[in-house]
Amino acid sequence: MASILVLGMGNLLKGDDGLGVHALRALEHEELGADMLELGTSLADCFPALEPYDIVVALDAVAAGGVPGSLYWLSREAFVRKREGLSLHECDLLDALDVAALRGKRPVLHVAGMEPGEMERRALERSRILYDEIDRNKLFHGTVVNEDRSLMNICFVM
């Protein structure tokens, strides 16, 4: 029997980008016959976790231009072909699988994705709230000029 790992990917702080993590949490009490790992965005060093498995199923937001809520099932080949801008995490995941392959392990990748609807709007709202407080409160000092501020990584010192 093939060993299967289901990965929940995404950033919970960035709205719809956390779809994969939320989906994995919704499945945690189901009997799937697979191991589950909430990976979030820590993909760069995940190759050791992938190596023991024959099949890796990544749950993630996939921005393929469809209607929000559209579901996708992509093989590694389709994911690589369509990957330009599909997911914020595809490069790290594919890199981790490549490192595993260099070590003689070649899990088959499938991506189960959902078209996001509000990632950008939510990220803007949340980052605006944080930046407003950093700018208002004398305890904080922003370390990045306004035009270079990130929506995900809020840089400041106290």
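Let's start at a charged pair: Arg 136 and Glu 133 join their side chains in a salt bridge, with N and O 2.6 Å apart. Keep in mind that this is a predicted model. Why can these two reach each other? Both sit in helix H5, three residues apart, so about one helical turn separates them. The general rule behind this is that an α-helix has 3.6 residues a turn, so residues three or four places apart point the same way. The two partners don't see the outside equally: Arg 136 is exposed, with a relative accessible area of 58%, while Glu 133 is partly exposed at 29%.

Stay on H5, which covers residues 119–136, and you'll meet another pair of this kind. Asp 132 forms a salt bridge with Arg 128, and here the closest N and O atoms are 3.6 Å apart. The spacing is four residues this time, again about one helical turn. Asp 132 is partly exposed, with a relative accessible area of 42%, and Arg 128 also counts as partly exposed, at 46%.

How many salt bridges does a search of the whole structure find? It turns up three, and the one still to be visited takes us away from H5. Glu 38 and Arg 25 bring their side chains together at 2.8 Å, N to O. This pair links distant parts of the chain: Glu 38 belongs to strand S2 (residues 35–40) and Arg 25 to helix H1 (residues 19–27), 13 residues apart. Glu 38 is partly exposed, with a relative accessible area of 40%, and so is Arg 25, at 37%.

That bridge drops us at H1, so have a look at what the helix hides. Gly 20, Val 21 and Leu 24 are buried there. Why do they count as lying on the same side of H1? Because they cover an arc of only 100° around the axis. As for what covers the buried residues of H1, the list includes S2, strand S1 (4–9) and strand S3 (55–61).

Those strands lead straight into the sheet. Five strands make it up, in the order S2-S1-S3-S5-S4; the sheet is open and its pairing mixed. S2 and strand S4 (71–75) stand at the edges with a single partner strand each, so one side of each has no neighbour in the sheet. From one strand to the next, the twist averages 20°. Zoom in on S1 and S3 and you'll find them paired in the parallel sense, over five bridges. Ile 4, for its part, stands opposite Ile 55 in S3.

Now follow the chain from the sheet back towards H5. Pro 116 sits in the loop between strand S5 (108–114) and H5. Is this proline buried or exposed? With a relative accessible area of 12%, Pro 116 is buried, because the cut-off for that is under 20%. Its C-alpha atom is separated by 6.4 Å from that of Gly 69, although the two residues are 47 apart along the chain.

At the other end of the helix, the loop between H5 and strand S6 (141–142) holds Asn 137. Asn 137 is buried too, with a relative accessible area of 17%. What does its side chain find there? A polar atom of the Asn 137 side chain lies 2.8 Å from the backbone nitrogen of Leu 139.

Note on methods
Residues numbered from 1 in each chain as written. Predicted model: local features only at pLDDT ≥ 70, side-chain atom pairs only at ≥ 80, totals over all residues. Heavy atoms only, no water. Salt bridge = Lys/Arg side-chain N within 4 Å of Asp/Glu carboxyl O. Helix = DSSP H or I, 4+ residues; strand = E, 2+ residues; numbered from the N terminus. Buried < 20%, exposed > 50% of the residue type's maximum accessible area, 1.4 Å probe, protein only. Polar contact = N/O pair within 3.5 Å; in protein donor to acceptor, adjacent residues only side chain to side chain. Arc of directions from axis to C-beta. Contact = heavy atoms within 4.5 Å. Pairing = 2+ DSSP bridges. Axes fitted to C-alpha atoms, helices over the stretch in contact; angles between N-to-C directions.
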